[in-house]
Amino acid sequence: MTTIRREVLTLPAAPLGPDNPLPPLRPLDEAHRIDDRDRADLPRDMARQVDYAPLRSLLPAQVRDGYDRKRAPSGLDALVLENDRLRATVLPALGGRIASLHHKPTDRELLYVNPVLQPANFALNGAWFSGGIEWNIGATGHTTLSCSPVHAARVPAPDGGQMLRLWEWERLRDLPFQVDLWLPDGSDFLYVGARIRNPHERPVPTYWWSNIAVPEDRRVLAPADEAWHFGYERRLRRVPVPEYDGVDRTYPLNSTYAADYFYEVPDDRRRWIAALDADGHGLVQTSTDLLRGRKLFVWGTGPGGRRWQEWLTEPGTGGYCEIQAGLVRTQLEHVKLEAESEVSWLEAYGPLDASPDGDWPTVLRRAEDRLAAALPRADVDAAYDSWRPYADTEPGERLATGSGWGALEVLRAGWKLPGTPFDEDTLGAPQRPWLHLLRAGSLPEPEHHEPPGGTLVARPWRDMLETTAATPLAEYHLGVAQWHGDDRAQAVRSWERGLKSAVDRWPLLRCLAVADQEDGHRERAADRYAEAFDDLCARRTGAAEGGEGWAAVAAALGREAIGALLAVGRTADARTVWERLDAATRARGRFRLAEGELLAADGRHEEARAVFDENFEVADLREGADSIGLLWARLDDAPLPARYDFRMWPGGE
């Protein structure tokens, strides 16, 4: 019979560190945007969904950029779901990621298993790691829950055994979701029942892609003769499958540059995708028809793609690609989830043996025949029908605890969400001031000049902020909520009102500096950043100067201030900010790069060039970022050294 047990997975891991305490008033440089020239040729439904509710802000989530690249052996809590055929290892503290799916009769690992835990800047809010199967909900990109805990518990399974339920509150869209995992006795397939609910009285945009990392020395099969190609040059175009531009792109190692291939699966075809090695062994994922999209992501064989592969794991480790399944054709789209409704589907993951060699129609036919023999399409539909009555079953033994944000929202709105309880005992320190606002109508002041915590920005919370006492802290949070609601003029007025009586001025000054930057007032933004950093240093001296929180806020504000001052040519002022950071912060790769930029701005090119010889590493380098290459090009005519080459497209710096 299927068992679920706790286990500790030990591997080299870099700690996540503290979150960035500054509110993310702008999204990170998000790669999933298409060139306007490509919109005219899109199918009507795709064009509508590409334009529907694009993400303008990460709020209320915070950026996770406190990690580094110093790994040490660490124990990760794992939940192992196992029958006599398969063993699935789940990491509840890391978004419920399936880290491993092992087929016991053949002793084969079906996924790409990362031997290390190395956060990198790929998620919508920063920290993400590669490998396994991840559940992406929220908006275009890797979920903000990539490195966050989710709730987990045992639940009765449809076959009389037990399921592992994962659930959380997705904060970008304010939606609860669940993922139910079970292994029927004797089954070679892991079943995954997924559900997203909209308890609101209005439609809400939603998004889902299941991302599956597999070794890249595979051929990827999906039932399609066309795909939408999307690269880091941000052009979307329809291309033939399997061969495009004279190359068979279904072999990941045949591509030079990183790219997405979103397969155009015909409406009448079964939904599936597989990755098979040269001997015809590998993984297949299939689902009920609602999960219509299928995708291949490749890193490519170019120097940038290979460097990213090393960056996410360690040299000498085999590379990976991703096969994926989503609610729509591409990851550039969002879906409207109607008021007080839900969407659900079933996925299945298991081994597939079929020859990958031959012409495309023959290869697909053979693979579909083998899949039909191993797991008929009707059986997937039947499994979904059998699971649905169990989706509302209340969890039994709790196996892991997620965040308290769902509990706070349930307390506020009184929602009933059978099957996914968000209990009051999960409320913690991050929710405490907002619970006080909900119950007492006021926001408590932080102790000892501590930085303000995150802001809740949904309309009901904004309404509460508008009616509470107009303290500087309340005006700060209200301005952040107004900014999120695209009421930017009112946000500036709130921050300016708060500034008149604020003791701690830096949080409000920083918000006003961002507003100035957005409005093109770069000199005023630089002035406000400099004043904010001065005020922060004064407050920090009188508070817990050595605390992790203060170091994080100094690093975050200092980084923004340096950039704003350099942008208007105030190099001396930018250097003053850099010199006031503590030594540990200045030693981080991000600030070694800033030092190089300061030296270059001073005309000290040889000293700036020497910084590169010290082999610094920018731990939170953003996917698609070109800052390192651009600085190098100012300093040296030689090719960019391989260790600094993260360029993801032809001609990219």
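The legends below describe close-up views of a predicted model.

Local features are given where pLDDT is at least 70 and side-chain atom pairs at pLDDT 80 or more, whereas totals for chains, interfaces and linings use all residues of this predicted model. Residues are numbered from 1 along each chain as its sequence is written, and side-chain values use heavy atoms, with hydrogens and water left out.

**View 1. An open sheet of 9 strands with antiparallel pairing.** The strand order is 15-21-22-26-12-11-10-9-27, where strands (E, at least two residues) and helices (H or I, at least four) are DSSP runs numbered from the N terminus, and two strands pair if DSSP finds at least two bridges between them. Strand 15 (219–221) and strand 27 (398–400) stand at the edges with a single partner strand each, so one side of each is left without a neighbour in the sheet. From one strand to the next the twist averages 20°, with axes fitted as lines to C-alpha atoms, for helices over the stretch in contact, and angles running from 0 to 180 degrees between N-to-C directions. At the strand 27 edge, 2 bridges join that strand to strand 9 (residues 151–156), the two running antiparallel, and A153 stands opposite R398.

**View 2. Helix 3 and helix 4 lying across strands of the sheet.** Helix 3 (residues 360–374) lies across strand 15, strand 21 (272–276), strand 22 (281–287) and strand 26 (341–353), and runs at about 70° to strand 15; contact here means heavy atoms within 4.5 Å. Helix 4 (residues 377–387) lies across strand 10 (162–170), strand 11 (175–182), strand 12 (190–198), strand 22 and strand 26, and runs at about 135° to strand 26.

**View 3. Antiparallel pairing of strands 1, 2 and 3.** Strand 1 (residues 3–13) pairs with strand 2 (residues 72–82) over 11 antiparallel bridges, and P12 stands opposite P73 of strand 2. Strand 2 also pairs with strand 3 (residues 86–91), in the antiparallel sense over 4 bridges, and these two strands form a hairpin with 3 residues between them. In this pairing E82 has R87 of strand 3 as its bridge partner.

**View 4. Aromatic pairs, of which the whole structure holds 24.** Rings of Phe, Tyr and Trp (its six-membered ring) pair if their centres lie within 6.5 Å, and planes under 30 degrees apart count as stacked, over 60 as edge-to-face and the rest as tilted. The rings of F122 and W128 have centres 5.2 Å apart and planes at 40°, so this pair is tilted; both F122 and W128 are buried, that is, under 20% relative accessible area, with exposed meaning over 50% and partly exposed in between (1.4 Å probe, protein chains only). The rings of W135 and Y349, with centres 6.5 Å apart and planes at 75°, form an edge-to-face pair. This pair links distant parts of the chain, since W135 lies in strand 8 (residues 133–137) and Y349 in strand 26, 214 residues apart, and W135 and Y349 are both buried. Ring pairs also link Y112, F122, W128, F297, W299, W308, W311, Y320 and F646 into a cluster.

**View 5. Helix 5 and its packing partners.** The buried residues of helix 5 (residues 405–413) are W405, G406, A407, L408, E409 and V410, and they pack against strand 10, helix 6 (432–440) and helix 7 (459–467). Just after helix 5, G414 takes a positive phi of about 70°.
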